[in-house]
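Me: Please take a close look at how charged side chains pair in the model below, and then set that part beside whatever else deserves a careful reading. I would like to know how far the coordinates can be trusted as well.

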Amino acid sequence: MSGLATTRRAARMGGVCAIAAMLIVWLATAASAHAGFESSDPADGQVLASAPATITMSFTEPPDPDLSSVTVLDAGGATIGTGTLQRGDPSRSLELALPDDLADGVYTVSWVVVSEADGHPTAGVFAFGVGEATADVVPNAAAGDPMLPGPSPFAVVGKVLLYAGLATSLGTAVTAAAAFAGVVAGRRGLLPLVGASAFVGAVVMTFAEADVVGASVGELLASAAGRSYVWLLLATGVGLVTAVAASRTTSLVPVAATGIAAASAMFVRATSGHAAALVPAWPAELAQFVHLVAIGVWIGGLVPLLLLVRERRRAGEPAPVEEAKRFSRLAGWALLAVVLTGSARAVGEAGGVDDVRAMLTDTSYGTALIVKLAVAAALIGLGAVNRRRSIPRLATDDALLRRVIAIELVGALGVFGLTGTLTSLNPDAAGSSTSGPLKEPQSIQASGTDFATTTRVTLTASPGIAGPNTVEARVVGYDDGAPIAADEVALNVAPIGRPEIEPSTLPLEPADAGGAPGSWTGTGTQLSLAGAWEVVVQVRSGARTTEVPLVLVTRAPPASSTVTQQAGLPEIETFTVPTGDQLQVYLDPGTAGANELHVTAFDPRGDELPLSGIVVVADAPGGERAMLASTRLTAGHFSAPVEADTGGWRFHVVATTEGGTVLQATHDQEVEP
């Protein structure tokens, strides 16, 4: 009979494994958690002959229009008035109406969207041009790679409280009914505690989500993306009420109700996380729900078992050997479900069996998943110790079982914390990308050294216009030019002459294998306005941080220019921008020695245009860059002294009108001996 029973158990196990294998294949479809950017119309880098009526953006998940925002900026950094953000067709897109009088120029679109599927926010930028004069606009190399907020510590704490409370609530109910003959050890204190843990966790998660998406709690709960938080608060609230009721009676009915409420909350989480992003979503959501329930039975059941062992020991009663054996069998099946559904979900998140390796090695999601799997493997090993050693000797000694369970519970909290981190990360290794031919990007560059002349940094930003830029910093020694092995490199960026705009920071990452030695790269929209920017490059090596100050000037937008030269007078260059405004620039006398650079602004009628301020940056023939001090002569006329050596000079002029419009010009001058 024992051999027949063993054969039957093996057959059942084989059937379960076969079903699970089919489930894994069924679930192996591409997942893209978070509302990732897919495409836009106009496309990133596209130049249109005439202004579009609307902007349409498509994402990998349905965005919530109520919590999302899209801002359109012109090259001068001014916000363009637009219509109300609307859901597009299909539902994974957003539409934004543009004004009818949109002028020719380059426009930057900055977007922040919140996914209805999982509530996660993503952000990014892209640019397009209108009119033939904007032919130099180039696609942002990272337009398809949305900027994702990192895991919020506040949210992770909330998820740990939620998962621990739900798992223990469900595990207590299931073990009481299936393994402990209706006994709930320590029910007076245990059930209210875990019920409160789950409810408080749900509240903390709700506040954390509202903070991440930049909305009030009321706005979040009233939105489509916040609907899952309403149901989660309701389910955990009911669970808390039933848990308190169960603590005041010996009946199993309120205990069962607590377990049902916990399972309901697990269902809410399963249908509002990464699994909800798949099409169709229900197979992945079902697997996720089974995964959560199985964890509740396995991990959550350890708490009432430990309390039962201690309760019997303190009462001088025999150890619960049979109860422990029944729980071990129950936990074994739950563990099998955890492994199979977890494997299925990992394959589904990666996008297929072939993509699992890329996800594990190329994403922060994969790194966190590897750590979680390692901790889970250790928990499985501890479970095997209980099954093989602790339970057989439980009748005479319960010390080993109690120690092992205590270690398992600590490890389980770590798993819950890692799970809370994973739900805030994107498993997509490849990311989205834009398609179509790309133009060779132009760039701007600055080079400089620290005060002690130990470090030289050459900073390049592409495409160099206001808006998204990819930045590369090459960090080398001042004396030998050898790459410096830095631990961290970051940029502190602040606009010159715009004190009302707060500085921003752009951390850089080491360049890939194809990059130059000592190169660090990053992409961002820190250069969001046309003009001059003060950039402090911070290079940390060990405990030492070196700062290299630089000045970057965005590429001047397309403008026509004319040069006037008369005998006995300096050469005058007049730049006319698309608005009709003009900047007149000349260097007097234009020969080696002391000079004055003069800049005068005129409106389209030829009248002097009052300026609120001006910034002049000079590039000397040897490559040195300096910002010149300017003096106002009249409302729209400034001069800046410069000691000019013989050779080719370049002067970057950034003038701001009293109305806030930025006028830019780049004046090249050959200084004669």
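Reply: Glu 488 is partly exposed, with 46% relative accessibility, and in this predicted model its side chain meets that of Arg 540 in a salt bridge with N and O 3.4 Å apart. The two partners come from distant parts of the chain, since Arg 540 belongs to strand β15 and Glu 488 to strand β12, and 52 residues separate them. Arg 540 has a second acidic partner, Asp 487, whose closest approach between N and O atoms is 3.9 Å; a salt bridge is counted here when these atoms lie within 4 Å, so the 3.9 Å pair falls inside that cut-off. This pair also links distant parts of the chain, with Asp 487 in the loop between β11 and β12 (488-495) and Arg 540 in β15 (residues 532-541), 53 residues apart.

How buried or exposed are Asp 487 and Arg 540? Asp 487 has 44% relative accessibility and counts as partly exposed, and Arg 540 is likewise partly exposed at 27%, because both values lie in the range between under 20%, which would be buried, and over 50%, which would be exposed. In general, side chains of opposite charge can pair when their charged atoms come close.

Elsewhere in the chain, Arg 312, Glu 317 and Glu 323 are linked in a network of salt bridges. Within that network, the side chains of Glu 317 and Arg 312 meet with N and O 3.7 Å apart. Arg 312 counts as buried, since its relative accessibility is 17% and the limit for burial is under 20%, whereas Glu 317, at 44%, is partly exposed. Counted by the rule used here, the salt bridges in the model come to eleven.

The surface also offers a nonpolar patch of about 220 Å², made by Val 157, Leu 161 and Val 200. Val 200 sits in helix α3 and is partly exposed at 40% relative accessible area, so it passes the requirement that a patch residue have over 30%.

Aromatic side chains can be read in a similar way: a search of the whole structure finds three aromatic pairs. One of them joins Trp 649 and Phe 651, whose ring centres are 5.9 Å apart and whose planes differ by 10 degrees, so that the pair is stacked, the limit for stacking being under 30 degrees. Both rings belong to buried residues, with Trp 649 at 7% relative accessible area and Phe 651 at 0%.

The backbone holds some details that you may wish to inspect by eye. As a general matter, most residues other than glycine have a negative phi, and most peptide bonds are trans. Against that background, a cis peptide bond joins Asp 41 and Pro 42, with omega about 5 degrees, and Pro 42 lies in the loop between β1 (37-41) and β2 (47-48). The bond from Ser 462 to Pro 463 is cis too, with omega near 10 degrees, and Pro 463 falls in the loop between β10 (455-462) and β11 (469-477).

Positive phi values occur in residues other than glycine as well. Ala 181 has phi near 55 degrees; it lies in the loop between α2 (153-178) and α3 (187-213) and is exposed, with a relative accessible area of 67%. Thr 453 has phi near 50 degrees and is found in the loop between β9 (444-449) and β10, where its 35% relative accessibility makes it partly exposed.

How far the coordinates can be trusted depends on the region. The mean pLDDT of the protein is 79, and 81% of its residues reach 70 or more. Over residues 133-147, however, pLDDT stays under 50, although the model has 52 contacts beyond four places in sequence for this stretch. Residues 429-441 also have pLDDT below 50, and there the model has 23 contacts beyond near neighbours in sequence. Where pLDDT is low, the predicted coordinates should not be read in detail.

Key:
Residues are numbered from 1 along each chain as its sequence is written. This is a predicted model: local features need pLDDT of at least 70, side-chain atom pairs count only at pLDDT 80 or more; totals for chains, interfaces and linings use all residues. Side-chain values use heavy atoms; hydrogens and water are left out. Helices (H or I, at least four residues) and strands (E, at least two) are DSSP runs, numbered from the N terminus. Buried means under 20% relative accessible area, exposed over 50%, partly exposed in between (1.4 Å probe, protein chains only). Rings of Phe, Tyr and Trp (its six-membered ring) pair if their centres lie within 6.5 Å; planes under 30 degrees apart count as stacked, over 60 as edge-to-face and the rest as tilted. Patches are made of residues with over 30% relative accessible area and no salt bridge: like charges are joined within 9 Å, nonpolar side chains (Val, Leu, Ile, Met, Phe, Trp, Tyr) within 5 Å. Accessible areas come from the Shrake-Rupley method with a 1.4 Å probe; for residues, only the protein chains shown count as cover. pLDDT is the predictor's confidence in each residue, from 0 to 100. Contact means heavy atoms within 4.5 Å.
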